[in-house]
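Me: I would like to learn how to read the surroundings of a bound ligand, starting from a contact and working outwards. Could you take me through it?

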Amino acid sequence: MKLFRTPQGVVLQLDCAFFRLPGLDWDELLNRENLAQNLRELAQNLAPAEEPAEILPPVGKQEVWAAGVTYLRSRDARMEESRQTGGDSFYDRVYDADRPELFFKAAPWRVIGSGGDVRIRRDSHWNVPEPEFTLFINASGKIVGCTIGNDMSSRDIEGENPLYLPQAKSYDGSCALGPCLLVAAEPLPPATAIEIEIRRAGAVVFNGATSLAQIKRSLPSLAEFLFRETSFPHGCYLMTGTGVVPPDGFTLALGDEIRITIAPIGTLTNFVR
Ligand code: DO4
Ligand code: MG
């Protein structure tokens, strides 16, 4: 089942039907015990409604964090971009280390939803989207849902010095999530595809795909590391890293349309402005 945040309140999609959940607080709802069961019970007492015309990012008071270098493709691309400046061995080591790379990506108010505009930094000349399977972890540290994330990244800034990572990763319009929160009793199967397409003036200029099976680390282990010494009273989102990196000659341009699809969740669409 899927939860949408809309200007009129929370909307639940169960099978093909939509139900409005007026008056419910997003942050409280997401942190209820047995969320999936709770949502089914709520729907039983409601009449089906229209599909929402407008959606907001599926975020209330949740911070967004991100894991990095969790796929071989990401490790190789980062090593290549930072070889000249001597930063490459950091990526090699973190790929094999017990402790994952985890970084703060965005405050809730900085998150862009599906249909919204993402940005490239004005002081950067090499920018890419990163399509990422994104977990929702509740306040108790339990993975109870997932969404689609776009971890917009400035590769020239990141490659110049690993200490510049927060500037390469965290700025206005750098984090998109949506279109909804998928609440599922079972984890998605490893074969689940993460697909990206970038269109420029209507033509596809890049597409690529990976699958959950390609991730090096287990999703519960990423959640465990994040919650080890940090509390999240409203739960949080955790982007789990990218397995798709466009070739080195590619950079995003103003006006590009970025579509990231994970079929059981939907498509996250954003425009570069
Ligand atoms: O270490 C740099 C960032 C890695 C990242 O964002 C990713 O692998 O997705
Ligand atoms: Mg990333």
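Reply: In this predicted model, a polar side-chain atom of E101 lies 2.8 Å from an oxygen atom of ligand 1, which fits the definition of a polar contact as a pair of N or O atoms within 3.5 Å. Local features here need pLDDT of at least 70, side-chain atom pairs count only at pLDDT 80 or more, and totals for chains, interfaces and linings use all residues. Residues are numbered from 1 along each chain as its sequence is written, and side-chain values use heavy atoms, with hydrogens and water left out.

Me: Which atom of V69 lies 2.8 Å from an oxygen atom of ligand 1, and which atom of K169 lies 2.7 Å from one?

Reply: For V69 it is a backbone N or O atom, whereas for K169 it is a polar side-chain atom. The protein covers 100% of the 280 Å² of accessible area that ligand 1 has on its own, where areas come from the Shrake-Rupley method with a 1.4 Å probe.

Me: Which elements give two or more residues to the shell around ligand 1?

Reply: Taking helices (H or I, at least four residues) and strands (E, at least two) as DSSP runs numbered from the N terminus, they are β4 (63-68), α3 (72-82), β5 and α6 (165-169).

Me: How many residues surround ligand 1?

Reply: Counting a residue as near if one of its heavy atoms lies within 4 Å, there are 16, and the closest are V69, S74, E101, K169 and T242.

Note on methods:
Chains lettered and ligands numbered in written order. Polar contact = N/O pair within 3.5 Å; in protein donor to acceptor, adjacent residues only side chain to side chain.
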